[in-house]
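Student: I've got a structure on my screen and would like to talk through its charged side chains and overall fold. Can we go step by step?

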Amino acid sequence: PASNAGSEVAAAPRRVASVTIEASLRPRGPYSLALTCRRARDATRRVDGRTLTAVVDAGDGPELVRASQRSDGTLDLRAETEAGFAQLRFVLACDDDHTEFLRRFAQDPLLRDAIRHLKGLRPMRTSTVTQALLRAICGQLIEARRAFAIERKLIRATTEQLGGLHAPPRPRHLAGFAPAQLYRFGLPSRKANALVRICRTLDVERFRTLPGDAAETRLIRERGIGPWSIGVVWTEGLGRYDRGIVGDLGLLKLCSAIRGRWVDAGDTAELLAPYEEWAGLACVYLL
């Protein structure tokens, strides 16, 4: 279900018993939890019927949270702390109204069908920037299924278990590895070197507080990080839509079909250019 309402049903989260916060709210703009969660399963979260259960990073430690959506579009959210509740809202992207994107590109030749059928879709985010970075590095130049398998193995081997799921990683969880040790998880040496080096030298969690250009300038300096990885980190880790996932294999195939020849990453950048500050969200709908 999708809802165009923008106001919360409950003015603020309320304490239930002594350890749980529950609240019902209306997402801002059209929103479908079912569409948003459709490809959201990983080591940190699962979907059972209409309920998402996830472990988020609540600052002082991992926390189990849950979300479901009623037929009228209202979201029912549950967490243990205010920080966990805020993280759940960020992961769901339920406060980031994308109505302007839907309106602006409703007649776009490439997006109009997707917008008509998927207007409640928003990309689900990772609770930590580190997990998005791990996903970006694992996913470089290999099929998505293999990349997610490597990501799951690494997270399960390095973070705390909670409720049958695992906590999202932070830099410290990966910085202690020697790059060669990551080969047993299926991560090639080039990717392992980049992942360990970045986790040892950068506090990527701070990127959410930096202007986009500053964060991109700092990350793009790192060997092994290019426009595709930036797009993944921006869309899933920072919750921003202004960087497209340039060079994505799905976009390469789409662009090649349109142009009648095999294309390169530069062609996908040209394909995304008209979407400007919505390029990241356009990628999700195009794919």
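Tutor: Sure. One cut-off to start with: buried means under 20% relative accessible area, exposed means over 50%, and partly exposed is in between. Keep in mind that this is a predicted model.

Student: Which class does Asp95 fall into: buried, partly exposed or exposed?

Tutor: Asp95 has a relative accessibility of 24%. Buried needs under 20% and exposed needs over 50%. So Asp95 counts as partly exposed.

Student: Which residue forms a salt bridge with Asp95?

Tutor: Look for a partner whose side-chain nitrogen is within 4 Å of a carboxyl oxygen of Asp95. In this pair the closest N and O atoms are 2.9 Å apart. The partner is buried, with a relative accessible area of 15%. That partner is Arg89.

Student: Where does Arg197 sit, given that Glu222 and Arg197 meet in a salt bridge?

Tutor: Their side chains meet at 3.1 Å, N to O. The pair links distant parts of the chain, 25 residues apart. Glu222 is in the loop between α9 (212-220) and α10 (227-238), while Arg197 is in helix α8 (residues 189-201).

Student: And is Glu222 buried or exposed?

Tutor: The relative accessibility of Glu222 is 10%. The limit for buried is under 20%, so Glu222 counts as buried.

Student: Which residues are joined into one network by salt bridges that share partners?

Tutor: Start with one pair: Arg45 forms a salt bridge with Asp42, with the closest N and O atoms 3.3 Å apart. Both Arg45 and Asp42 are buried. Shared partners give one network of Asp42, Arg45, Arg135, Glu151 and Glu236.

Student: How many salt bridges are there in the whole structure?

Tutor: Side chains of opposite charge can pair when their charged atoms come close. The protein chain has 44 positive and 33 negative side chains to draw on. A search of the whole structure gives 25 salt bridges.

Student: Now the fold. What radius of gyration does the protein chain have?

Tutor: The chain holds 13 helices and 8 strands, and its C-alpha trace spans about 55 × 50 × 35 Å along the principal axes. A compact globule of 287 residues would come out near 19 Å. The chain agrees with that, at 19 Å.

Student: What share of the residues count as buried?

Tutor: The protein chain exposes about 13200 Å², with carbon and sulfur atoms supplying 51% of it. Taking the 287 residues one by one against the cut-off, the buried share is 53%.

How values were computed
Residues numbered from 1 in each chain as written. Predicted model: local features only at pLDDT ≥ 70, side-chain atom pairs only at ≥ 80, totals over all residues. Heavy atoms only, no water. Buried < 20%, exposed > 50% of the residue type's maximum accessible area, 1.4 Å probe, protein only. Helix = DSSP H or I, 4+ residues; strand = E, 2+ residues; numbered from the N terminus. Rg over C-alpha atoms; globule rule 2.2 N^0.38 Å. Areas by Shrake-Rupley, 256 points an atom, 1.4 Å probe, with all protein chains shown as cover. Lys, Arg positive; Asp, Glu negative; His and termini not counted. Charge placed at Lys NZ, Arg CZ, Asp CG, Glu CD.
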